[in-house]
Number of protein chains: 2
Amino acid sequence: MQESNRKRGRSSKISRDRILEASLVEFAENGYEGATTASVARRVGVTQPLIHYHFGSKEALWRAAVELAFGRMTTVLQGVEEDVLRAEPRDAIRIMARRFVYFNARYPEVARLIISESAVRSPRLEWMVDKHLRPLIRQLEVMFKSGLEGGILKPLPIQSVVFAFLGAVPHFFDAAPLIDLLWGFDPLSPEYVEAHADTLVEMFTTGLFRTPDVA
Amino acid sequence: MQESNRKRGRSSKISRDRILEASLVEFAENGYEGATTASVARRVGVTQPLIHYHFGSKEALWRAAVELAFGRMTTVLQGVEEDVLRAEPRDAIRIMARRFVYFNARYPEVARLIISESAVRSPRLEWMVDKHLRPLIRQLEVMFKSGLEGGILKPLPIQSVVFAFLGAVPHFFDAAPLIDLLWGFDPLSPEYVEAHADTLVEMFTTGLFRTPDVA
DNA sequence: GTCTATAATTAGATAGAC
DNA sequence: GTCTATCTAATTATAGAC
């Protein structure tokens, strides 16, 4: 730990980290094309060329931000697996879902960063999928299949289930400004995070209908 | 109807419409900041100043694209209401959900355009919410409440339910390039649209678990 | 490691010819 | 209604001082 000059506007030992952190938010909010290195620099309080000193190019900065995002996500997912082993299968799935909700509440930029790149086929998307997303999804598929074989989950196409979940969970958190305008509350505050976790678990496990209503 | 010179690369009576249509896709794919008027012009095959002739500014073009998007959405939602009146309540909800899936498969840009603006509070977002989104959400709330009072739906917080649904449905379609990279199929093709509708209706009404499993 | 200065490119927007 | 030409501001990136 080097105790030095921080919070002085300009100059700081840890400015590389702060640039990286700010870039994650910037890329998540505006997408790759919409993000600017000048805006990242302004968030941190440094000059724009400093970003090139630390990262070389805008694209390299974006890659570093993606690494940071997926690093956080896999950390959380690995923590989940231990709990899963100890729990009754149905509860294991509930625990996993809740963890994913908490993760997205804590780091709403991560899912948003991924989603912002996913509508256009680009070398960036291909790199992100090959290096980070595909392995993660394969892991999810394994867990889903064991749920199927254990007779716990209905035989539904995993691709639809996965994308429904990946769409449903983070949207509540990364649309915080929209939710504030519509209803005047902050979805990132603890009570709403908890409520969203409860609601999603209920919805995805046993549905919205009161009576089972088997067709 | 003026029958004139179309499909000639440059010059066309209906180029205003084609610019508008292309801008909707451009804004949806890249977000407002990431979108460029030059790119819209290139999509259509006209020059960039022509956009300013027809729409005045980039922001006015964006507003026109939003009007187009919400016009399509409300058209579909009004069509739903007639069916709803004729159907058994539980089926009415299923029909509505299916329609929303079909709509998003047909026009994946609409939801994406909304979502791309919803992470940052801006005058644009405020305008979109006041003029278009709030009325639509209020309509949804009315339907949700009647489902509650009819004893059909579980008493869950509507905000979480709405955003889960608004996140889950379109993501499968606007992430088509990502899905192609992961699994090699096109979610916009009819069989996958149908499968996604089936899966979402099943998930949101009676859940993913095979046995009801009431806690 | 961080700055100032600046080059090269691209953005949104206007003027004016056809 | 559409184009060419062009202005100004903003963008990524580099050079060089401290």
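**Exercise 1. Classify the two partners of a salt bridge within chain B, and place them in the chain.**

Step 1. B:R98 has a relative accessibility of 21%, so it counts as partly exposed. The structure is a predicted model, and the values in these exercises are computed from it.

Step 2. B:E194 has a relative accessible area of 34% and is partly exposed too. Buried would require under 20%, and exposed over 50%.

Step 3. B:R98 and B:E194 form a salt bridge, with 2.8 Å between the closest N and O atoms.

Step 4. This pair links distant parts of the chain: B:R98 is in helix α5 of chain B, B:E194 is in helix α10 of chain B, and they are 96 residues apart.

**Exercise 2. Describe the salt bridge of A:D174 and A:R112: its distance, its location and the accessibility of its partners.**

Step 1. The side chains of A:D174 and A:R112 meet in a salt bridge, at 3.3 Å from N to O.

Step 2. A:D174 belongs to helix α8 (residues 158–174) of chain A and A:R112 to helix α6 (residues 108–117) of chain A; the pair is 62 residues apart and links distant parts of the chain.

Step 3. A:D174 and A:R112 are both buried.

**Exercise 3. Does the salt bridge of B:E202 and A:K154 lie within one chain or between two chains? Justify the choice, then classify both residues.**

Step 1. B:E202 sits in helix α10 of chain B, and A:K154 in the loop between α7 (123–149) and α8 of chain A, so the pair joins two chains.

Step 2. The closest N and O atoms of B:E202 and A:K154 are 2.7 Å apart.

Step 3. B:E202 counts as partly exposed because its relative accessibility is 29%.

Step 4. A:K154 counts as buried because its relative accessibility is 12%.

**Exercise 4. Summarise the interface of chain B and chain A.**

Step 1. Start with contacts: 65 residues of chain B are in contact with 65 residues of chain A.

Step 2. Next comes area. About 6,700 Å² is buried between chain B and chain A, and carbon and sulfur atoms give 66% of this.

Step 3. Then count the polar links. Across the interface the rule finds four salt bridges. It also finds 30 residue pairs in polar contact, both residues being at pLDDT 80 or more.

Step 4. Name the elements on the side of chain B that touches chain A. Those giving two or more residues are α1 (15–34), α5 (89–106), α6 (108–117), α7 (123–149), α8 (158–174), α9 (176–183) and α10 (190–206) of chain B. α8(B) gives the most, with 11 residues.

Step 5. Sort this side by class: 34 residues are nonpolar, 15 polar and 16 charged.

**Exercise 5. Decide which part of chain A should be read with caution.**

Step 1. Chain A has a mean pLDDT of 90, and 92% of its residues reach 70 or more.

Step 2. Among the elements of chain A, helix α9 (residues 176–183) has the highest mean pLDDT (98) and helix α4 (residues 58–86) the lowest (87).

Step 3. Over residues 1–10 of chain A the pLDDT is below 50, and this stretch has seven contacts beyond near neighbours in sequence.

Step 4. Where pLDDT is low, the predicted coordinates should not be read in detail.

Key
Residues numbered from 1 in each chain as written. Chains lettered and ligands numbered in written order. Heavy atoms only, no water. Contact = heavy atoms within 4.5 Å. Buried area = accessible area lost by both parts, 1.4 Å probe. Polar contact = N/O pair within 3.5 Å; in protein donor to acceptor, adjacent residues only side chain to side chain. Helix = DSSP H or I, 4+ residues; strand = E, 2+ residues; numbered from the N terminus. Nonpolar A, V, L, I, M, F, W, Y, C, P; charged D, E, K, R; others polar. Buried < 20%, exposed > 50% of the residue type's maximum accessible area, 1.4 Å probe, protein only. pLDDT = per-residue confidence, 0-100.
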